[in-house]
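Let's walk through this structure together, starting from one pair of residues and working outwards. Keep the model at hand as you read.

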Amino acid sequence: MISVSLVPYVSNHDLNNVSIDGFAYRDFCLQFKAGHPWATKKAAMMVGDGLKGNNMENVVFLCVPASTKRKNTRRYQRFSSMVCSICGAEDGFSYLWRDSDYKAEHLSRGHYNPEAHTSQLLINEDKISGKKVVLFDDVCSSGHTMQAAIGEIQKHGGRVAIAITLGRMVHRA
């Protein structure tokens, strides 16, 4: 599996001594998470252009669901459609979801609170079984959410070929 992060992301705890570029990347990620059209379009072009030229036959593009259905729709529905129109993958926006909303809790420096993630990931097995998957998540802080999604996809017969995050949490000393 190929794993790619497009930009570094600095948490609130590490904002001291961050470069102007660091603040710009952070703002880009936050604007994407908020569903702002310019950030959605820019991210879709980055991901779609990166995938374009690869054989996308029998490939499903999935986004790791956000903490609530409302956030998930706002953040990923248009984005997923745009990425797939650029690269030719099957749009799997509706193939992976959560059984309930939960309180998002991003802890820095490798700490993880499993009680924060009380919802289950559910998947439409008929749509991903036997297919290659490109999996996308907005910001990776610990990798636990991405790993849970990969496990669910594999459990239902899909194979994650590429895991992409828009931002990867970086920690400043």
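**A strand and its partners**

Val-60 of S2 has Val-133 in S6 as its bridge partner. This is a predicted model, in which local features need pLDDT of at least 70, side-chain atom pairs count only at pLDDT 80 or more, and totals for chains, interfaces and linings use all residues. Residues are numbered from 1 along each chain as its sequence is written, and side-chain values use heavy atoms, leaving out hydrogens and water.

Now look at the pairing as a whole, where two strands pair if DSSP finds at least two bridges between them. S2 and strand S6 (residues 132-140) run parallel and are joined by 5 bridges. S2 also runs parallel to strand S3 (residues 90-91), with 2 bridges between them; here Val-60 stands opposite Glu-90.

What surrounds S2 (residues 59-63)? Because 5 of its 5 residues are buried (under 20% relative accessible area, 1.4 Å probe, protein chains only), strand S2 is largely enclosed by the rest of the structure. Val-59, Phe-61 and Cys-63 point one way, Val-60 and Leu-62 the other way, and all are buried.

Stepping back, the protein chain has 5 helices and 7 strands, which are DSSP runs numbered from the N terminus (helices H or I, at least four residues; strands E, at least two). Along the sequence they follow the pattern β-α-α-β-α-β-β-β-α-β-α-β. Of the 173 residues in the protein chain, 46% are buried. Among contacts (heavy atoms within 4.5 Å) with a separation of 6 or more, 74% are between residues 24 or more positions apart.

Terms used:
Buried means under 20% relative accessible area, exposed over 50%, partly exposed in between (1.4 Å probe, protein chains only).
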